[in-house]
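User: Please take a close look at a single strand of this structure and describe its surroundings in one connected account.

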Amino acid sequence: MNTRSHTQGGRRAARLALVSIAAALAGAPVFAAVSVGDVQIGGFFSQGYLTTSNDVNYPAETADGTWDFREAAINASMPIGSKLRIGAQVFEYRLGDYGDDRIVLDWASIDYNVAPEFGLRAGRVKKPRGLHNEALDLDLVRPFIFLPMGMYDPRLRDFNASFDGGMVYGSLEAGKAGSFDYKAFYGTADISTKEGSGVADYLRNAGIFEPTDADLEATYGAWGFWNTPVAGLRVGLSYSVLDSVVSSGPFMPMPVLEGSIELPEYKNMIFSVEYLKDDWTFAAEYGRDWGDARIQAPGIGLDNLGETESVTWYISAARRLNERFEVGAYYSQFSAETASAGEPDSQGDIALSVRFDVNEHVLVKLEGHYIDGQAHVFDTPSAPNPNRAADESFTLLAAKMTLSF
Amino acid sequence: MKTTFLRWGMLSLLALAPLALRAEPVLIVHKGLEGQALDAATVKSALLGKKVAWDNGTRVTIGALKSGPVADGALKAAVDQTASQFLNHWRRLAMTGGGIAPKSFDSEAEVLKFVAETPGAIGFVDSATADASVVVVKPGS
């Protein structure tokens, strides 16, 4: 890992971002809304800064402060006839080492909306999971910089951002009972173990093997929300499965041997409630990830079958004060119920955010976190935390500016 | 006597002034949609991107005011959202492959022109702005 080149790259990007931002503030937006014929083009670019206290590196290498925190996307969509639509988005990000500014195809789909009750979408499709997964990269739509990371971990977007396959969706009217929105999907996804892969770091953090390859056979699931008769109140449940996740690489204690992990069915379930009332947005979610995990190192006869499970819940409130300002706060709790003895097994997070909309294309956010516990803190070369302690608290401060069109 | 008459006249005008200003946001649609079933549930479904085509086969296109009391009032009544929440709803859809966002306009005159010229278009303007170039949909029709 070439930390120096990353840092210099980060500074260059930060300078570019500042120039862009200055231009935007001067009334000459870098991005202008573009509509070419029927083609609608949108996108965003953000640059941020992160720093943490107590020598803790979270969610990336942040203890000394870092400008390596940015995202960019550009998308285009166009209708074909009255019910067909095509579109695509490319996306890149850097969060410390994660993302590596690598441009990826985030979504690219063809959508046929037969009727409000039934539609089909195929291609690379954003994965519906809870309230926020499809819009995880879109900080335009909320006051928060980081959503509760136990549930919406930006390091694991390779697992969760999108899949290659198909989805059916629709909305069913239920008269006085409100309406039901649903989505059901099946597909697969490439899991990268290249430099900058958050999923690889997640596997590396287990301390068993150095992942050099990873494969996912399929992912499938369903998502449903009931728009209740109470105006602004919706309640939802989503369930998804990562089917046959297999990863392997040099066994860390003896790198000449190979180690591997297999998750036959890694499941996620999220129960969600959201209530919009005037300028307020209240939300709460409870999520659980669980599944069997088989760890092997045939060279030494290691073949362990165990279970992995974690639970995250949060409550949040946000209020738009006026056209310029929005504030928000949440409390989240992450618990890894099968952490090894002596390892941190919980992490609480109190977050406070302020969003300032400079104009319709530029926004600035400031966010502070008080984090108690380190169960969700990695100890890897990308986020070194050799002194990770179960009960140690720390703070995370984040600032971010986003240009959008 | 003359002074008293003038005073009453002024007071009457002042009393009538709020009536003249009390225009309401109204739904306007392209003339090609005249006769379509446009009840509240249908309009809500179209505004939220769930209904993408009208029964006559034209695509739903939304002309939206960026902000202001007309936008707030209309969106509150039609989808029970503030203008900011409506914008976020569409940002989520448009940037995640879920739809094509409404066309945004700074003024009601621009919304009126867009709806008049675009088959399948709907929008909200103040009732005083609407004219014969579009069809004004009465609530509950």
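Analyst: In this predicted model, strand E1 of chain B is joined by 5 bridges to strand E4 of chain B, residues 121–126, and the two strands run antiparallel. Within that pairing, Pro25(B) has Asp126(B) of E4(B) as its bridge partner. E1(B) also pairs with strand E5 of chain B, residues 135–137, again in the antiparallel sense and over 3 bridges; here Leu27(B) is the residue whose bridge partner in E5(B) is Val137(B).

The burial of the strand can be followed residue by residue. A residue is taken as buried if 20 or more other C-beta atoms lie within 10 Å of its own, and 5 of the 5 residues of E1(B), residues 25–29, are buried, so the strand is largely enclosed by the rest of the structure. In a regular strand the side chains alternate between the two faces of the sheet. In E1(B), Pro25(B), Leu27(B) and Val29(B) lie on one side, while Val26(B) and Ile28(B) lie on the other, and all of these residues are buried, so that both faces are covered. Two of the residues on the first-named side, Pro25(B) and Leu27(B), are thus also the ones already placed in the pairings, Pro25(B) with Asp126(B) of E4(B) and Leu27(B) with Val137(B) of E5(B).

Beyond the strand itself, chain B also meets chain A, in a contact that takes 29 residues from chain A and 24 residues from chain B. The residues on the side of chain A that touches chain B divide into 10 nonpolar, 10 polar and 9 charged.

Terms used: Residues numbered from 1 in each chain as written. Chains lettered and ligands numbered in written order. Predicted model: local features only at pLDDT ≥ 70, side-chain atom pairs only at ≥ 80, totals over all residues. Buried ≥ 20, exposed ≤ 12 C-beta atoms within 10 Å, placed from the backbone. Helix = DSSP H or I, 4+ residues; strand = E, 2+ residues; numbered from the N terminus. Pairing = 2+ DSSP bridges. Contact = placed C-beta atoms within 7 Å. Nonpolar A, V, L, I, M, F, W, Y, C, P; charged D, E, K, R; others polar.
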